[in-house]
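Welcome, and please get your viewer ready. We will go from stop to stop, with something to select at each one.

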Amino acid sequence: MVPPGPTEVDGGTAELLGDADRDGSWVLVVAGTPQSHVDLDDPAHLEFEYVRRMGHVLDLAAPEGRPVDAVHLGGGALTLARYLAVTRPGSRQRVVEVDQRLTDLVRSHLPLPRGARVRVRAADARAGLAALPTGSADVVVSDVFAGARTPAHLTTVEYAAEARRVLRPGGVLTTNVADGPPLRFARGQVATLQAVFGSVCLLAEPGTLRGRRFGNLVAVASDAPLPVADLTRRCAGDPMPARVVAGEDLARFAGDARPVTDAGAVASPEPPPGVFNR
């Protein structure tokens with residue numbers, strides 16, 4: 001594939017850059033921030049560490065290979081939609097991506113796997129979520145950024161409650177939480193999910209969890225018990241191992257953080273220069 005060169009989309013300038021270390025792979029960069037990595041030859045390959053952790057959540061959301069109904073809030077290059085299409089053939093997937101020009105770029109130059117059942121709607125993530133039928137999804141993946149920050153209205157109890165409404169009993173929400181020292185935002189997100197769901201855990205690289213560096217934490221929530229032991233084994237075996245924090249350890253992590261509501265929500269912190277930007 002010949003990349004199209006810098007392309008203006010709603011979120012800024014988008015580029016598709018070839019991965020020099022992996023044939024057939026591409027990195028989507030928007031406004032200087034790497035948003036997605038796609039391996040066209042092997043869509044089951046997840047390059048970004050936090051996306052790999054989200055992949056573990058999807059692997060354990062249902063018996064191996066069983067199709068699921070999935071909702072992706074934030075599309076990017078459709079990395080996890082591609083992953084589910086090949087690891088769970090027959091899955092029905094709905095993607096909500098606000099940037100139609102970005103979706104057009106991705107669909108034109110990064111074709112989906114054969115047989116993938118993926119529909120993309122151009123809408124704000126929360127508005128798109130609110131339009132979905134109650135109890136219509138097995139998994140909801142929330143990975144939405146404006147630039148390098150998660151918009152405030154996608155960090156609240158009200159937003160989490162919409163995700164729970166859309167999920168079937170036992171369904172799973174997984175969300176990307178970007179934060180750094182002193183992890184105030186991440187603690188608030190844990191408290192927010194705990195106010196809505198009966199079971200919550202957090203997946204992250206140990207240095208990020210200890211507040212040593214800015215990074216991506218993956219929060220997981222359900223109204224059913226989560227497979228913490230299986231997640232722990234999978235995360236420990238990754239090239240960059242991660243910890244799984246749950247139960248009393250998660251309560252200590254959250255501390256006295258309060259759930260975030262629409263009235264007081266703020267966007268996720270701005271990453272330090274050079275953390276994500278190219």
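Let us begin at an opening: the second largest pocket has a volume of about 190 Å³. Keep in mind that this is a predicted model. To find the spot, select R184, F185, V266, A267 and P269, which lie nearest the centre of the pocket among its 19 lining residues. Now colour α6: this helix supplies three residues, the largest share of the lining.

**From the pocket to a cavity**

Keep α6 (184-194) coloured and add α5 (157-166) and β9 (167-179); these elements each give two or more residues to the lining of the largest cavity. That cavity holds about 100 Å³ of space, and the structure has three cavities of 30 Å³ or more. Which residues line the largest cavity? Select S142, L154, T155, T156, Y159, A160, A163, L173, T175, Q189, T192 and L193 to see its walls.

**Along β9 to β11**

Leave β9 on screen and bring in β11: eight bridges join these two strands, which run antiparallel. For one position to zoom in on, pick T174, which stands opposite V220 in β11. Next, select the whole of β11, residues 215-222. Is this strand mostly covered or mostly open? It is mostly covered, with eight of its eight residues buried.

Strand β10, residues 199-204, also pairs with β11 in the antiparallel sense, here over five bridges. Click on L202 in particular, since its bridge partner in β11 is A219.

**Into the core**

Stay with L202 and show what surrounds this residue. Beyond its neighbours within four places in sequence, L202 is in contact with V190, L209, L217, V218, A219, R243, V244, V245, L250 and F253. L202 also belongs to the largest nonpolar core, a group of 36 residues. Select L73, L193, F197, L202, L217 and F253 together: these have the most contacts inside that core. L193 should look familiar, as it also lines the largest cavity.

A second, separate core has 24 residues, including V51, A70, L203 and V220. V220 is the residue you met opposite T174.

**Helix α1**

V51 leads on to helix α1, residues 49-59, where eight of the eleven residues are buried, so the helix is largely enclosed by the rest of the structure. Highlight Y50, V51, R53, M54, G55, H56, V57 and L58 to see the buried ones.

**A residue in α3**

Move on to T103, found in helix α3 (residues 100-109). T103 is buried, with a relative accessible area of 8%, because a residue counts as buried when that value is under 20%. Show E97 and V120 as well; T103 touches both, not counting residues up to four places away in sequence.

**The open sheet**

For the last stop, select β1 to β4. These four strands form an open sheet in the order β1-β2-β3-β4, with antiparallel pairing. Which strands stand at the edges? They are β1 (7-9) and β4 (33-39); each has a single partner strand, so one side of each is left without a neighbour in the sheet. Turn the view to look across the strands: neighbours in this sheet are turned by 30 degrees against each other on average, direction ignored.

Finish in the middle, where five bridges join β2 (residues 12-18) to β3 (residues 25-30) in an antiparallel arrangement. Zoom in on G18 and W26, since W26 in β3 is the bridge partner of G18.

Methods:
Residues are numbered from 1 along each chain as its sequence is written. This is a predicted model: local features need pLDDT of at least 70, side-chain atom pairs count only at pLDDT 80 or more; totals for chains, interfaces and linings use all residues. Side-chain values use heavy atoms; hydrogens and water are left out. A nonpolar core is a set of buried Ala, Val, Leu, Ile, Met, Phe, Trp, Tyr and Cys residues joined through side-chain atoms within 4.5 Å. Buried means under 20% relative accessible area, exposed over 50%, partly exposed in between (1.4 Å probe, protein chains only). Contact means heavy atoms within 4.5 Å. Two strands pair if DSSP finds at least two bridges between them. Axes are lines fitted to C-alpha atoms, for helices over the stretch in contact, and angles run from 0 to 180 degrees between N-to-C directions. On a 1 Å grid over the protein atoms alone, a cavity is a set of points where a 1.4 Å probe fits but cannot get out, and a pocket is an open set with protein on both sides within 12 Å along at least five of seven lines; lining residues have an atom within 4 Å of a point. Grid points are joined across faces, edges and corners, and a volume is the space filled by probe spheres set on the points.
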